[in-house]
Amino acid sequence: MTILAVRKELLKVCSIAVFTAVATGTLGTGEAQGLVLTFDDLDATSQFDGNEIPNGYGGLNWDNFYYLTTPTYQINPSGYTFGTVSSPNVAYNLFGDPATVSIDGGQFDFNSAYLTAAWSNGLDILVEGFSDGITKYATIVTVDTTSPTQFNFDFLDIDSLKFTSSGGINAGYEGSGTQIVLDNFTYNSKTVPEPTTILGLLTVTSFGIALSRKQKWQQKATSKV
């Protein structure tokens, strides 16, 4: 096979592959990417208080979620220490109020997380998954202060997640409240590629088609000589 013939075959294959991807919608949604957020890569907090989890951490937005460095936290024992799965940081809902996790311009699958109660045994946690403001999932789990429990939620195709804690009986530690302890938050992100990415692929494909046509014309012109 000549070099010209090889080039023609490659151009043909590339063009078909790109147009097939566009036609079937492969370029419309990115592949799911599994992530485990441990919060351990955030800066250490003081021994007295936690810090707000910044929006954008893990590609998500965090509302009323803070994190705490448990080895240096002044109140010990507590569910914060016992609920640490990967040291040194854990997340919690400030003042025990509802806390949410959301994503901009896309969806995600919430797979699992380790949950513990900070101060109260028998704490109930309502976990809800939403898409466009509509509740798709709602699950209540019950946790204690003595050890973390991994829960598999499998909330698929959501854009926001809400944690609401209530009830429980004080465990006898120095603190009190309905705060939850969250660690090893596992999810799959589903990203949408930038328009420039699709445009670039289409441009390359168009270039390939034009080059292929030019080569065919040159081949015909040569055969006429």
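In strand 14, Tyr 187 is the bridge partner of Phe 110, and that pairing is a good place to enter this predicted model. Residues are numbered from 1 along each chain as its sequence is written, and side-chain values use heavy atoms, with hydrogens and water left out. Because this is a predicted model, local features need pLDDT of at least 70 and side-chain atom pairs count only at pLDDT 80 or more, while totals for chains, interfaces and linings use all residues.

**Strand 7 and its partners**

Phe 110 belongs to strand 7 (residues 107-117). Helices (H or I, at least four residues) and strands (E, at least two) are DSSP runs, numbered from the N terminus. Strand 7 runs antiparallel to strand 14, and 9 bridges join them; two strands pair if DSSP finds at least two bridges between them. Strand 7 also pairs with strand 11 (residues 149-158), again in the antiparallel sense, over 6 bridges. There, Phe 108 has Ile 158 in strand 11 as its bridge partner.

Is strand 7 enclosed or open? Of its 11 residues, 9 are buried, so strand 7 is largely enclosed by the rest of the structure. Buried here means under 20% relative accessible area, exposed means over 50%, and partly exposed lies in between (1.4 Å probe, protein chains only).

**Two aromatic pairs**

The whole structure holds 20 aromatic pairs. Rings of Phe, Tyr and Trp (its six-membered ring) pair if their centres lie within 6.5 Å; planes under 30 degrees apart count as stacked, over 60 as edge-to-face and the rest as tilted. Here are two of them:

| Pair | Centre to centre | Angle of planes | Type |
|---|---|---|---|
| Phe 82 and Tyr 173 | 6.4 Å | 50° | tilted |
| Phe 110 and Phe 163 | 6.2 Å | 75° | edge-to-face |

Phe 82 sits in helix 2 (residues 79-82), and Tyr 173 in the loop between strand 13 (169-170) and strand 14 (180-190), 91 residues apart. Phe 82 is partly exposed at 35% relative accessibility, whereas Tyr 173 is buried at 18%.

The other pair joins strand 7 to strand 12 (residues 160-166), with Phe 110 and Phe 163 standing 53 residues apart. Phe 110 is buried, with a relative accessibility of 0%, and Phe 163 is also buried at 0%.

**The sheet that holds strand 12**

Phe 163 leads us on to an open sheet of 5 strands, in the order 3-6-12-9-10, with antiparallel pairing. Strand 3 (61-63) and strand 10 (134-143) stand at the edges; each has a single partner strand, so one side of each is left without a neighbour in the sheet. From one strand to the next, the twist averages 15°. Inside the sheet, strand 9 (residues 123-131) and strand 12 pair over 7 bridges, and Val 127 has Phe 163 as its bridge partner.

**The whole chain, and where to be careful**

The protein chain has 3 helices and 14 strands, and 39% of its 225 residues are buried. Among contacts (heavy atoms within 4.5 Å) with a separation of 6 or more, 75% are between residues 24 or more positions apart.

How confident is the predictor, on a pLDDT scale from 0 to 100 for each residue? The mean pLDDT of the chain is 82, and 70% of the residues reach 70 or more. Over residues 10-29, pLDDT stays under 50, and the model has 22 contacts there beyond four places in sequence. Residues 194-211 also have pLDDT below 50, with 13 contacts beyond near neighbours in sequence. Where pLDDT is low, the predicted coordinates should not be read in detail.

How values were computed
Axes are lines fitted to C-alpha atoms, for helices over the stretch in contact, and angles run from 0 to 180 degrees between N-to-C directions.
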